[in-house]
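Grab a coffee and open the model in your viewer. Here are some exercises to work through, each with its solution.

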Amino acid sequence: MTSPIPAFSIAPFAITRVPRIEFGRGAVARVPEIAAHYGKSLLLVTGRHAFVESPAGERLFAALKARGLTWQHLRVGGEPSPQFVDAAVAAHRGANIDVVVGIGGGSALDAAKAIAGLLRPGNSVMDHLEGVGPELPYGGPATPFIAVPTTAGTGSEATKNSVLSVQGVDGFKKSFRDDALVAEWAVVDPDLLASCPPELIAADGMDAFTQLLESFVSTRANPMTDALARSGIMAVKDALLSLYHEQSAAARDRMAYASLLSGICLAQAGLGSVHGLAAPLGAFFPIPHGVVCGTLAATATAVNIAAMDAREPDNPALPKYAEIGRRFAMQKGLNGRDARDYLVTTLRQWDEQLKLPRLSAYRIGAADFPRIVANSRGSSMKTNPIVLTDTEITQILEARL
């Protein structure tokens, strides 16, 4: 006699496009073959120096040439702006580009993604940026895009949005977002992380972790994203501190994997309060995105938990936070408040060990908080597991001044 199936249902959910994924050490060697499938003329979008001047970069350029491919090269320094994207589109639109290959960190990939989206239509990215322009629907067509991350953090290789910034008093950090912008291929080679310095490993790694945790407790989470987020979170737990203190191939594998999953999860389920705050912080101040995530993660998690304990004790995110605390502690009997406290304590310990700068290191002060809070309620904050008050959002900032 078979046991009865437990009586529970799975709520409807949808999964949007993801790239075809090539993952593994040495995977970058497949880029010429993959690119050649789309044609002979490439636009390479890279960071300013790191990959271009590395042995891996030299090998890739030689392999592209050996295949008879031609390319134009665009370097991205710092976070891309709408003006940078529009200028690149204007400069390369008439070059009959068959495929755009983005190689680098999140800034290079976001720039490449937006450029690939607009090379053929030719209009300004400002037409489509959410929250700052006419927000016209994107009609495409997009030029095929191949994403090759060289850092483990943003997961941009798996997302449909290009994050663009204008920094300053009237600055903004907004997304050009459409399913058509998803890369055709994400080529994830953990060996490309070998040149990352410890401070970049720390900031990018905490970005990936925060994306995984926020997706896991998001109001749009579903069973598929939960499974991926769990796997990615545990990969970070096993590898981040190890990679920060001493490079190893196994740790690079896990962090590259976690970053990829974080991009898939955020694209499908959304994010939360840390990324809600990251938008105005990154727009108004010269603070790297990963530093924002790392320095706010523990406090934002604690504030979320306290708010739910006080106002929504049946919120489904509370047992999810407890689950991660229990997995981190590796204690089957650890549940409820004790498990959630263990998670927050662990994140605070990570913050200390990774030596992440506080907000004040970027000349952010209490007088700036009202403006930051007022501009924090974008798309990421809308999927936070509980609606935080202005006072609660301010508490997150105050604790990390």
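What follows is a set of tasks on charged pairs, rings, one helix, one loop and the cysteines.

Before you start: this is a predicted model, where local features need pLDDT of at least 70, side-chain atom pairs count only at pLDDT 80 or more, and totals for chains, interfaces and linings use all residues. Residues are numbered from 1 along each chain as its sequence is written, and side-chain values use heavy atoms, with hydrogens and water left out.

**Exercise 1. Work out which parts of the chain the salt bridge between R17 and E184 ties together.**

Step 1: get the criterion straight. A salt bridge here is a side-chain nitrogen of Lys or Arg within 4 Å of a carboxyl oxygen of Asp or Glu. The structure holds 15 of them.

Step 2: check the distance. R17 and E184 come to 3.6 Å, N to O.

Step 3: place the partners. R17 sits in the segment before β1 (20-23) and E184 in the loop between β7 (172-177) and β8 (185-188), so the bridge ties together parts that are 167 residues apart in sequence. Helices (H or I, at least four residues) and strands (E, at least two) are DSSP runs, numbered from the N terminus.

Step 4: look at accessibility. Buried means under 20% relative accessible area, exposed means over 50%, and partly exposed is in between (1.4 Å probe, protein chains only). R17, at 35%, is partly exposed, and E184 is partly exposed too, at 32%.

**Exercise 2. Decide whether K320 and D226 are buried or exposed, and see what else K320 does.**

Step 1: find the bridge. The closest N and O atoms of K320 and D226 are 2.9 Å apart. This pair links distant parts of the chain, with K320 in helix α10 (residues 317-329) and D226 in helix α6 (residues 223-245), 94 residues apart.

Step 2: settle the question. Both K320 and D226 are buried.

Step 3: follow the lysine. The charged end of K320 also sits over the ring of F216, 4.8 Å from its centre. For that label, NZ of Lys or CZ of Arg has to be within 6 Å of the ring centre and within 35 degrees of the ring normal. R371 does likewise over the ring of F284, at 4.1 Å from the centre.

**Exercise 3. Find the ring partners of F209 and describe the helix that carries F209.**

Step 1: know the rule. Rings of Phe, Tyr and Trp (its six-membered ring) pair if their centres lie within 6.5 Å; planes under 30 degrees apart are stacked, over 60 edge-to-face and the rest tilted. The whole structure gives six such aromatic pairs.

Step 2: warm up on one of them. F23 and Y257 are edge-to-face, with 6.5 Å centre to centre and 80° between the planes. F23 lies in strand β1 and Y257 in helix α7 (residues 249-269), so parts 234 residues apart in sequence are tied together.

Step 3: go to F209. Its ring centre is 5.2 Å from that of W350 and the planes are at 75°, so this pair is edge-to-face. F209 is in helix α5 (residues 198-217) and W350 in helix α11 (residues 336-354), 141 residues apart. Both F209 and W350 are buried.

Step 4: widen the view. Ring pairs link F209, F328 and W350 into a cluster.

Step 5: describe α5. This helix has 20 residues and reaches 28 Å from its first C-alpha to its last, close to the 28 Å expected at 1.5 Å a residue (the expected span is 1.5 Å times one less than the number of residues). In α5, 17 of the 20 residues are buried, so the helix is largely enclosed by the rest of the structure.

**Exercise 4. Locate G333 and say how far its C-alpha is from that of Y244.**

Step 1: G333 is in the loop between α10 and α11.

Step 2: G333 is exposed, with a relative accessible area of 67%.

Step 3: the C-alpha atoms of G333 and Y244 are separated by 31 Å, and the two residues are 89 residues apart along the chain.

**Exercise 5. Explain why C265 and C293 are not bonded.**

Step 1: a disulfide is a pair of cysteine sulfur atoms within 2.5 Å. The search of the whole structure finds zero.

Step 2: the sulfur of C265 is 15 Å from the closest cysteine sulfur, in C293, which is too far for a bond.

Step 3: both sit inside, as C265 is buried at 0% relative accessibility and C293 is buried at 0%.
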